[in-house]
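Here are a few exercises to work through with the model open on your screen. Try each one yourself before reading its solution.

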Amino acid sequence: MATTPPPKPLPLLLPLLLLAAFAATAAVAGEEFPRDGKVIDLDDSNFEAALSSIDFLFVDFYAPWCGHCKRLAPELDEAAPVLAGLSEPIMVAKVNADKYRKLGSKYGVDGFPTLMLFIHGVPIEYTGSRKADLLVRNLKKFVAPDVSVLESDTAIKSFVENAGTSFPMFIGFGVNESLIAEYGGKYKKRAWFAAAKDFSEDLMVTYDFNKAPALVAVHPKYKEQNVFYGPFEGHFLEDFIKQSLLPLTVPINTETLKLLDDDDRKVVLAILEDDSDENSTQLVKVLRSAANANRDLVFGYVGVKQWEEFVETFDVSKSSQLPKLIVWDRNEEYEQVEGSERLEEGDQASQISRFLEGYRAGRTTKKQVTGPSFMGFMHSLVSMNSLYILMFVVAILGVMLYFAGQDDTPQPRRDHAE
């Protein structure tokens with residue numbers, strides 16, 4: 001008598017296996033991540049789940065042996081609770097990309113630390129300051145809307161208060177949101193943009209405009225504001241925005257120098273002994289008036305005391321007769337106006353006017369900046385620490401090449417370190 005073979009287990013097990021896989025996927029997708037402001041540890045098992053559940057995720061791809069990463073860690077610990085407390089919370093996380101190399105490779109990590117902000121899962125590499133307070137300031141700009149729509153005086157005051165003093169603001173009073181939306185996205189990293197639909201006469205007095213529509217540019221840090229009444233089409237609107245991204249007179253330092261790199265105007269540069277003394281302060285006020293009437297130029301100032309290494313590239317030292325004016329092309333060339341080599345005591349407004357008249361008439365002498373470190377000041381702002389590291393690496397390579405020439409024995413391949 002034939003026996004009936006036992007039923008095959010696969011058809012019964014397959015639904016169970018599928019159910020188990022679905023449950024595991026759901027568990028990962030539904031993983032809870034802390035929202036208390038502590039830095040979250042992520043790896044290849046929970047990274048995608050974090051992207052799915054956190055709208056704004058700031059990730060530090062680090063290596064345990066990296067010295068820069070070790071210095072960054074306390075800054076992230078300080079910034080994390082502040083970022084988590086924003087109206088649009090940003091969670092801070094870290095990934096050991098030296099251990100989880102496949103995960104780092106997926107997002108193009110080729111150095112440490114690499115910082116990325118994931119907005120709804122879309123990565124944007126962050127290359128700004130790594131100091132906690134500046135990190136918070138910069139990341140707030142990333143998650144803000146391109147243009148905020150303000151419906152009342154209270155909303156306008158709240159917007160200004162929340163924006164702080166680090167970036168300029170452009171508030172369109174009675175300006176259609178669509179007219180400034182393009183520029184709100186284009187210049188998002190450098191300024192705040194808002195469209196005020198309803199406002200009182202008191203606010204018109206506060207922001208010093210007498211009719212609408214009007215676009216008001218405000219520099220809280222420098223206590224400056226400027227009004228644009230149109231036309232709101234063509235290149236006129238963008239020209240006003242581009243020219244108003246910087247204050248009328250720009251103090252030259254490492255931060256503002258980066259901003260100048262995005263501006264195509266030449267710089268009328270006042271070189272002073274000390275940009276904080278009383279005489280210099282008065283001169284800067286006179287320069288501000290000249291800048292207001294010459295918007296096709298940027299007006300900047302720098303003190304030898306504040307940044308001697310920078311001014312030396314213009315053949316200026318502590319023994320030079322100062323103050324003096326030059327016109328700088330933001331690169332490797334500058335011009336001196338004949339007969340206006342320096343500013344004397346007295347009517348400096350008239351002297352500045354003669355300087356500008358001579359420059360526009362072409363009565364100038366062109367010169368090249370000096371010093372091998374100048375391009376570093378302008379473009380990459382390489383620190384001396386970076387220079388020392390580069391010199392150290394060159395020295396090590398020299399030693400390795402020397403010993404390689406002494407011994408023909410094949411050398412074992414080594415992984416590169418920091």
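## Exercise 1: Two residues with a positive phi

Lysine 223 is exposed, with a relative accessible area of 76%; buried means under 20%, exposed over 50% and partly exposed in between, using a 1.4 Å probe and protein chains only. A word on the source: this is a predicted model, in which local features need pLDDT of at least 70 and side-chain atom pairs count only at pLDDT 80 or more, while totals for chains, interfaces and linings use all residues. Residues are numbered from 1 along each chain as its sequence is written, and side-chain values use heavy atoms, with hydrogens and water left out.

Task: find where lysine 223 lies, then work out whether arginine 330 is buried or exposed.

Solution.
- Start with the backbone. Lysine 223 has a positive phi of about 55° although it is not a glycine.
- Now place it. Lysine 223 sits in the loop between E9 and strand E10 (224-228). Helices (H or I, at least four residues) and strands (E, at least two) are DSSP runs, numbered from the N terminus.
- Turn to arginine 330. Its phi is also positive, about 70°, and it is not a glycine either.
- Arginine 330 belongs to the loop between E14 and strand E15 (333-337).
- Arginine 330 has 16% relative accessibility, so it counts as buried.
- Why bother looking? Most residues other than glycine have a negative phi, and most peptide bonds are trans.

## Exercise 2: Cis peptide bonds

Task: which loops hold proline 213 and proline 323?

Solution.
- Alanine 212 and proline 213 are joined by a cis peptide bond, with omega at about 5°.
- Proline 213 is in the loop between helix H8 (201-206) and strand E9 (214-219).
- Leucine 322 and proline 323 are likewise joined by a cis peptide bond, with omega at about 5°.
- Proline 323 is in the loop between helix H12 (308-311) and strand E14 (324-328).

## Exercise 3: Helix pairs

Task: describe how H11 packs on H13, then do the job again for H3 with H5 and H7 with H9.

Solution.
- Two packed helices are described by the angle between their axes and the distance between the axes.
- The axes of helix H11 (residues 278-293) and helix H13 (residues 348-360) cross at roughly 45° and come within 10 Å. Axes are lines fitted to C-alpha atoms, for helices over the stretch in contact, and angles run from 0 to 180 degrees between N-to-C directions.
- That makes H11 and H13 oblique to each other: under 35 degrees is roughly parallel, over 145 roughly antiparallel, 65 to 115 roughly perpendicular, and the rest oblique.
- H11 passes H13 in a right-handed crossing, meaning the near helix is turned clockwise from the far one by less than a right angle; anticlockwise would be left-handed.
- The contact (heavy atoms within 4.5 Å) takes in Leu283, Val286, Leu287 and Ala290 of H11 and Gln348, Ala349, Ile352 and Leu356 of H13.
- Sorted by class, that gives seven nonpolar, one polar and no charged residues. Ala, Val, Leu, Ile, Met, Phe, Trp, Tyr, Cys and Pro count as nonpolar, Asp, Glu, Lys and Arg as charged, and the others, Gly among them, as polar.
- Next pair: helix H3 (residues 67-84) and helix H5 (residues 132-143) have axes that come within 8 Å and cross at roughly 40°. H3 and H5 are therefore oblique, and their crossing is right-handed.
- Glu75, Leu76, Glu78, Ala79, Val82 and Leu83 in H3 meet Ala132, Leu135, Val136 and Leu139 in H5. The tally is eight nonpolar, no polar and two charged.
- Last pair: helix H7 (residues 177-186) and helix H9 (residues 235-244) pack at about 40°, with axes 11 Å apart. H7 and H9 are oblique too, with a right-handed crossing.

## Exercise 4: A buried alanine

Task: which residues does alanine 270 contact, leaving aside its neighbours within four places in sequence?

Solution.
- Alanine 270 lies in strand E12 (residues 267-272).
- Its relative accessible area is 1%, so alanine 270 is buried.
- The contacts of alanine 270 are Leu287, Gly300, Tyr301, Val302, Lys324 and Leu325, once those neighbours are set aside.
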